[in-house]
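Take a look at the model below. Where do aromatic rings meet, and what lines a pocket?

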Amino acid sequence: MRAQSSATGTAAIAVGDPAKVSTAAGTLQAALGVVAFSLTFPATAWGLEGFGTWSLVAVRSVLAAAIAGSCLLGLRVPLPERRHWAGLAVVGAGVVLGFPLLTTLALRTSTTAHAAVVVGLLPLTTALLSALRMGTRPSRTFWVAALVGAAAVVAFTVQQSGGALTAADAYLFAALLVCAAGYTEGGRLARVMPGWQVIGWALVLCLPLTVPAAAVALSLEPVELTAHSVTGLLWVAVGSQFLGLVVWYRGMAAIGIPKASQLQLAQPLLTLVWSVLLLGEHLPVAAPVTAVAVLVCIAVTQRARG
């Protein structure tokens, strides 16, 4: 028991105690998570240049789990309490398996810019699930600003797609639900354990599914190792799937799930920038207008008291 306590203490020193993270530091960490996530779609598009859909999703999870598992093993972190395993399973189903798979399927036919604005509804979805799951009651001002921000994203999406929803949109809307569930449960767990352990154990928990899936997918789908495909795979595995979620969950634990989720209103706009710089996609004319509306909404939600 003493060795176990010592290991836990070492882990706490290494990653910090979520309870001691200030509001400013929590906001910064959540924002860093958003920046990491904003590169996910462009990196996925790069990865799809050399990997099949199933190979990319499975291999990214296995690589991220290898990193997380090495950290957990190296720091001798004890297994989570039994009461936390159900929550970790929700995190794994939502952010380790569901969201990567659904968005990767969508990106086979959708541009990253279009996918980014649809997933811009994630903050509102997360806030809604948080209210249902955890009994949070944000203020009326918070909800008005969140709804206005979501409306701006929806208007942008409809304007760009000509009002017609596609199969890719169906994948993206499903991704919103599973990801919001994973964020909500992960944010709750990050209040009682370090955020990196939340995503770390979720990744490890999924290994019995992702390892066989990776083996089968790699044997059936062609693989072409290029600078883009390898870079894209490494980013979605290390940056998006592990490091980004580490700081994201720590930020949510510090400032609350509703407020942290609203920072993601900036994610579609960041992704639009990356899509132009990294993929050469056309930047929609309406993007600057949406950017102003979204940034105003972020400012309001961050000041609103829940």
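What follows moves from the aromatic pairs to the nonpolar cores and then to one pocket.

Keep in mind that this is a predicted model. Start with the rings. The structure holds 6 aromatic pairs. One of them joins Phe 37 and Trp 248. The arrangement is edge-to-face, with 75 degrees between the planes and 5.9 Å centre to centre. Phe 37 sits in helix H2, residues 23–38. Trp 248 sits in helix H12, residues 227–255. The two are 211 residues apart, so the pair links distant parts of the chain. Both Phe 37 and Trp 248 are buried.

Now turn to Phe 41 and Phe 99. These two rings are stacked, at 6.5 Å centre to centre and 20 degrees between the planes. Phe 41 belongs to helix H3, residues 40–47, and Phe 99 to helix H5, so their pair ties together parts that lie 58 residues apart in sequence. Is Phe 41 buried or exposed? Its relative accessibility is 5%, so Phe 41 counts as buried. Phe 99 has a relative accessible area of 13% and is buried because the cut-off is under 20%.

Go back to Phe 37 and Trp 248. Ring pairs link them with Tyr 183 into a cluster. Follow Tyr 183 outward. Setting aside residues up to four places away in sequence, Tyr 183 touches Phe 37 and Trp 248. Its other contacts include Val 95, Leu 122, Leu 245, Tyr 249 and Met 252. Thr 126 and Gln 264 are also among the residues it touches.

Tyr 183 leads into the largest nonpolar core, which has 67 residues. Which residues have the most contacts inside this core? They are Val 95, Tyr 183, Ile 199, Trp 248 and Tyr 249. Another core lies apart from this one. That core has 6 residues, among them Leu 56, Val 59, Ala 214 and Leu 233.

Finally, look at the second largest pocket. About 170 Å³ of space lies in it. Three elements each give two or more residues to its lining: helix H4 (53–74), helix H5 (85–106) and helix H11 (207–220). Which of them gives the most? H4 does, with 4 residues. The lining includes Trp 54, Val 57, Ala 58 and Ser 61. Leu 97, Leu 101, Leu 209, Thr 210 and Ala 213 line the pocket too. By class, 7 lining residues are nonpolar and 2 are polar. No charged residue appears in the lining of this pocket.

Terms used:
Residues are numbered from 1 along each chain as its sequence is written. This is a predicted model: local features need pLDDT of at least 70, side-chain atom pairs count only at pLDDT 80 or more; totals for chains, interfaces and linings use all residues. Side-chain values use heavy atoms; hydrogens and water are left out. On a 1 Å grid over the protein atoms alone, a cavity is a set of points where a 1.4 Å probe fits but cannot get out, and a pocket is an open set with protein on both sides within 12 Å along at least five of seven lines; lining residues have an atom within 4 Å of a point. Grid points are joined across faces, edges and corners, and a volume is the space filled by probe spheres set on the points. Ala, Val, Leu, Ile, Met, Phe, Trp, Tyr, Cys and Pro count as nonpolar, Asp, Glu, Lys and Arg as charged, and the others, Gly among them, as polar. Rings of Phe, Tyr and Trp (its six-membered ring) pair if their centres lie within 6.5 Å; planes under 30 degrees apart count as stacked, over 60 as edge-to-face and the rest as tilted. Buried means under 20% relative accessible area, exposed over 50%, partly exposed in between (1.4 Å probe, protein chains only). A nonpolar core is a set of buried Ala, Val, Leu, Ile, Met, Phe, Trp, Tyr and Cys residues joined through side-chain atoms within 4.5 Å. Contact means heavy atoms within 4.5 Å.
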